[in-house]
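Me: Please take a close look at one chain of this model with me, and follow it outwards to whatever it touches. I'd enjoy a connected account rather than a list.

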Amino acid sequence: MHPALQGLVTIAIGVGGCMGYFYLSNFLLDRFLLPARALTAAEAATRRRLGTIFLLGVPGLLLAALYLAFFLPRGIFNVTGLFWMAVTALLIYGLWRLRDYVFANGELTAGRNISHANMIRPWLFLLPAIIALGLYLTYPVFETLRLSLTERVPGGGSRWVGLANYIQMADEPKFWEAMRNNMVWLVVVPAMSTLFGLLVAQLTDRIAWGSIAKMLIFMPMAISFVGASVIWKLVYDARPVDLDQIGIMNAIWVAVGGDPQQWLTLPFWNNFFLMAVLIWIQTGFAMVILSAALRGIPEETIEAAIVDGAGPFQVFFKIMVPQIMPTIVVVWTTITLVVLKVFDIVFAMTNGQWGTQVLANYMYDKLFRANDWGVGSASAMVIMLLVTPILVWNVRNARKEMR
Amino acid sequence: MAGLKLTDIAKSYGEVEVLKNINLDVSAGELIVFVGPSGCGKSTLLRMIAGLEKITGGTLEIDGLVVNDVPPAQRGIAMVFQSYALYPHMTVRDNMAFALKLAKKSKSEIEAAVKKAADILQLAPYLDRLPKALSGGQRQRVAIGRCIVRDPKVFLFDEPLSNLDAALRVATRLEIAQLKESMPDRTMIYVTHDQVEAMTLASRIVVLANKGISQVGTPLELYEKPQNEFVATFIGSPAMNLFTGEIAGTGQQTSIKLDGGGFLASAYPTNHDDMGMKVKVGIRPEDFMPTEDPGTGFSGTVDVQENLGEVTLLFFVPVTPGAEPVIAKLPGIHLGMKGKKVNLTAKPEKVHVFSNGLSLLYR
């Protein structure tokens, strides 16, 4: 099948699956489990019996099959077996409580059924997301932590080594280069993106073609990081002196009398050429959010400032910017998170050579090229430690904004 | 100190004309109130005086200087906005000091000005609070304080009380009146749609309607001698009753035969040529007096009565269905009037006569 067709089919299955899940969970809840009508005591008792089979019997059989096929042959009285037994016990207890919650004894009113259904509904909707996040996000965090404390034993298996991976990593100059570069990225990219975003938001607000300009500036947001890197590699492209320069940087540079440069290999400065790509992408994001915030400023406070004698710059910096400060902080920290995780751009443009290594690319290097899961996981943990406090702060700020 | 002179002021947004031919002389120390129905351009006129809207025609003079193209801050004006427009990120102190800081006044000067304004407005305990920690009335006072510290020649108020609840509105109205009294040489221009505010505060009222000024005068002039039907019905509540009729006798007093049949005498003088002229007769509800004589004035059947204690409001069955009911406001308590036929008349000096919408008094 043609890849484009495959993509379309994937979208159709995904969207269809979501809609189907939505429809089915409502159907299950409103028709079978908790119909929006009163039930006599006899009806409720029948449903309770059927419900018990449905809620406990089906998962019970599945679990029993799993145990028979997977755990019994390996023995269930080791650490892993006991852990999964505890999980199973908790699951069964939860289902038992859920049954009591859904299928009560005695007569049931329609109101009781509706209110119970509405309490279960959000959890039912969230269930796939919770499972997916647990499986692909929460579990890997703990697994990575475990891996970062072990090392591969030649010939198969692994062994506990404590903090040895971290110590080894701290001795590597490449790691410190990545740390240093990440810190520079951390300062430059959020600052420039927010600044440009704010400028563009303010400047495009009052002009006729402002929305077209905004659309153009927002468009890089729709390009993948790798795609953007390819575009910018062309911008920085270098040809021998006697050929026409196809990279715009060198074209300008040669036009003003310079020799063609391999921009991406210039030590230290090449970091900033990489950052330009991310700034180019994130300015659109900052602009959209800040533009909305600027529109939310009461017009009368600006007029009052004009009457008070403030010039355009004073109005902007003393009246408008302070009023949208909370939004600026949220935008800044959100971009900070993107920056800490930056990988694709460096991977696609320099692969960390010529002094441009960053943490995420360092991790990839260790994990998938050197096949050293210990040090790779250790660097992943470092990234997570750096991201977490900013993430927590960001979520708090965003919540405050919403209130 | 500073007068205002508006000459042929006009405002249009592209093709749409909002205001035209506005001529007004304000002498120093007056409190002028602009009133008018929604959309009559009263706020626009105020904003043009403030310099927030461009004047598209005519000239505006403040203190003898043409200020059409002078930026707001240099016009010597200060403005209180409807929503107060306090700077939410600044404390009360900083809100009041902002203009002075921009004007690069010295620290001690700013401190003194803020303290003085805070004392006048009883804001001293709140100086370090943010606006969001203040009540509506306090915010309003901060907005006024922000004007006072600048010591402007002209104060502009844009519906300053409309966001307050009824009780606070009365109290703040009195405070503004006292403020005016404490600064007798400062000119104030006040926009409102509330005629009680207009009547109580104004030294002169400017009634705006139909893109222009309908009448300028003291509150009682507007009430007693309205220049036209619009002012007559706009000022006073309930609104003035209007009857159609024709002039049946002329002279120092005019006799009018109402279309309903009765005769009324008006103190408006007319001359012989006016005989038979179609006119409208206006009588305020509170000027009606009951009479036994069915041949004079208005007679009708009471449809609804409202007993307010101090007065009784009578609503009469309209002569033509759907027309505005005639309303009479009689002092005291009159019970059991519903369904009765009542004859009403008024003193000649309380009977207003209009022809083509204009008062015969001002011909």
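Reply: **A close look at chain B**

Chain B is split by the domain assignment into domain 1 (4-234) and domain 2 (241-362); such bounds come from an automatic or database domain assignment. The model is a predicted one, in which local features need pLDDT of at least 70 and side-chain atom pairs count only at pLDDT 80 or more, while totals for chains, interfaces and linings use all residues. Residues are numbered from 1 along each chain as its sequence is written, chains are lettered from A and ligands numbered from 1 in the order in which they are written, and side-chain values use heavy atoms, with hydrogens and water left out.

Let's start between the domains. The C-alpha centres of domain 1 and domain 2 of chain B are 38 Å apart. Each side brings 11 residues to the contact, where contact means heavy atoms within 4.5 Å. About 1000 Å² is buried between these domains of chain B, with carbon and sulfur atoms giving 52% of that area; buried area is the accessible area (1.4 Å probe) that two parts lose on being put together, summed over both. On the domain 1 side, B:Tyr223, B:Gln227 and B:Glu229 lose the most area to domain 2 of chain B, and together they make up 55% of what that side buries.

B:Glu229 turns up again in the charge pairing. Between domain 1 and domain 2 of chain B there is 1 salt bridge, meaning a side-chain nitrogen of Lys or Arg within 4 Å of a carboxyl oxygen of Asp or Glu. The side chains of B:Glu229 and B:Lys280 form a salt bridge, at 3.7 Å from N to O. Polar contacts across this domain interface of chain B come to 4 residue pairs, both residues being at pLDDT 80 or more. (A polar contact is a pair of N or O atoms within 3.5 Å; within protein, one must be able to donate a hydrogen and the other to accept it, and residues adjacent in sequence count only if both atoms are side-chain atoms.) Helix H7 (219-224) and helix H8 (229-234) of chain B are the elements giving two or more residues to the domain 1 side; helices (H or I, at least four residues) and strands (E, at least two) are DSSP runs, numbered from the N terminus. That side of domain 1 of chain B comprises 4 nonpolar, 4 polar and 3 charged residues. Here Ala, Val, Leu, Ile, Met, Phe, Trp, Tyr, Cys and Pro count as nonpolar, Asp, Glu, Lys and Arg as charged, and the others, Gly among them, as polar.

Following H8 onwards, the loop between H8 and strand S11 (241-249) of chain B holds B:Pro238. B:Ser237 and B:Pro238 are joined by a cis peptide bond, with omega about -5 degrees. Another backbone feature sits in strand S2 (residues 16-26) of chain B, the place of B:Asn21; phi of B:Asn21 is near 50 degrees, a positive value in a residue other than glycine. Most residues other than glycine have a negative phi, and most peptide bonds are trans.

Next, the sheet. In chain B, 5 strands make an open, antiparallel sheet in the order S15-S19-S16-S17-S18. Strand S15 (289-290) and strand S18 (327-331) of chain B are at the edges with a single partner strand each, so one side of each has no neighbour in the sheet. Strands count as paired if DSSP finds at least two bridges between them. Strand S17 (residues 311-316) of chain B pairs with S18(B) in the antiparallel sense over 5 bridges, and B:Leu314 has B:Ala328 in S18(B) as its bridge partner.

Finally, we reach the neighbouring chain. Chain B gives 22 residues to the contact and chain A gives 15. Together chain B and chain A bury about 1500 Å², 64% of it on carbon and sulfur atoms. In chain B, B:Tyr87, B:His89 and B:Leu102 lose the most area to chain A, together 32% of what that side buries. There are 2 salt bridges between chain B and chain A; A:Asp308 and B:Arg150 form a salt bridge, with their closest N and O atoms 3.4 Å apart. The two chains, B and A, also share 8 residue pairs in polar contact, both residues at pLDDT 80 or more. Strand S6 (77-80) and helix H2 (92-102) of chain B each supply at least two residues of the side that touches chain A, a side made up of 16 nonpolar, 3 polar and 3 charged residues.
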